[in-house]
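I opened the model to look up how its helices and strands are arranged, and I note below what I found.

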Amino acid sequence: MFVRIEFFCIKAIFDLMMTNLKTFLKKWFTTDGDKTSAVPNSVILTGLPRAGTTLTCKLLSEQENIIGLNEPIAWRGLRSYQEGLERINDHLNRFRHTLLTEGKAPVRGKDGKVTDNHFERTEGARKRVIRRAEVYFDKPLTADFKLFVKHNSVFTQLLPDLMKTYPCYAIIRNPLAVLGSWSTVTIPVSRGTMRHLDVLNPKMQRQLEQMGDLLERQLFLLDFYLERYAELQPDRVIRYESVIDTQGQVLEGMIGQPYMAHTILESKNVGTVYDRDQMLKMGEALLNSTDHHCWSFYEKEEVEQLYQLYEQQPG
């Protein structure tokens with residue numbers, strides 16, 4: 001009899017412990033039971049593909065008590081817009097936990113380290129050199145460290161709702177330089193599309209499918225990205241050129257503390273990796289797009305200057 005009583009007491013204690021553990025984990029991986037409420041001290045970073053967002057993550061991770069994660073979320077199997085928002089919150093909680101307890105988080109990096117570029121810097125077609133893996137950050141972090149998480153395509157598509165709950169920043173770049181970079185790498189925008197567009201914005205997917213010309217689709221995508229960023233506060237849209245010109249000091253507004261430079265920055269807007277004839281063709285099309293949203297952020301003279309630099313190169 002006493003054995004049975006002892007057994008039931010142990011079982012009751014065990015069940016209570018498991019219930020408390022489940023309650024703890026639920027509170028840890030969600031915020032107040034709401035899968036779409038903001039995770040504290042977390043910031044959304046997005047931007048034009050090939051505009052320096054990967055570089056920005058590296059620069060952020062070099063700062064005290066700050067981590068910048070480059071594309072840490074796996075979006076495979078995404079089924080809906082709402083699921084995208086919920087997946088972000090779930091992962092932000094997980095990233096903060098593993099960074100504080102183990103000093104690591106998944107990152108698209110090179111050789112298990114944070115990098116500033118997804119591709120080799122070579123002429124012609126450029127080879128991808130990154131893959132997603134656990135990266136260790138050898139730095140002290142307090143419980144309230146600032147976490148920046150960057151994704152370009154998905155975050156831009158979810159931006160109208162992300163803006164309601166998170167601080168959001170976007171990195172942009174001279175639109176002609178962006179188009180030039182798209183032509184040298186193999187990513188969705190190089191083919192005139194966006195990742196998970198069929199799930200997150202099927203109407204836009206149908207619009208793209210009706211466009212036969214690749215450059216037309218790319219100009220359309222560039223316009224979409226920049227139209228979204230026009231909804232942000234002006235000081236939350238940061239130009240790649242400003243990052244380079246100030247050697248990163250312009251990021252102080254994002255991080256809320258003095259910026260400490262650890263990396264020497266050089267502009268990649270002009271280089272042999274961009275084909276002259278393609279740059280001239282894309283430049284003409286862009287300059288003729290008078291209602292394009294790129295003109296909300298760049299003067300035509302800035303695009304013309306870059307155009308003229310390639311025009312002056314030997315044919």
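**Helices over the sheet**

I looked first at helix H2 (residues 53-61), which lies across E1, E2, strand E5 (146-150) and E6 and runs at about 155° to E2. Here contact means heavy atoms within 4.5 Å, axes are lines fitted to C-alpha atoms (for helices over the stretch in contact), with angles from 0 to 180 degrees between N-to-C directions, and helices (H or I, at least four residues) and strands (E, at least two) are DSSP runs numbered from the N terminus. Helix H3 (residues 81-101) lies across E1, E2 and E5, at about 130° to E5.

I note that this is a predicted model, in which local features need pLDDT of at least 70 and side-chain atom pairs count only at pLDDT 80 or more, while totals for chains, interfaces and linings use all residues. Residues are numbered from 1 along each chain as its sequence is written, and side-chain values use heavy atoms, with hydrogens and water left out.

**The sheet**

I then traced the open sheet of five strands, whose order is E2-E5-E1-E6-E7 with parallel pairing; two strands pair if DSSP finds at least two bridges between them. Strands E2 (66-70) and E7 (237-239) stand at the edges with a single partner strand each, so one side of each has no neighbour in the sheet. Four bridges join E1 (residues 42-47) to the parallel E6 (residues 168-172), and Thr46 stands opposite Ala170 in E6.

**A helix pair**

Last, I checked H4 (residues 153-165) and H8 (residues 214-229), which pack at an angle of about 50° with their axes 9 Å apart.
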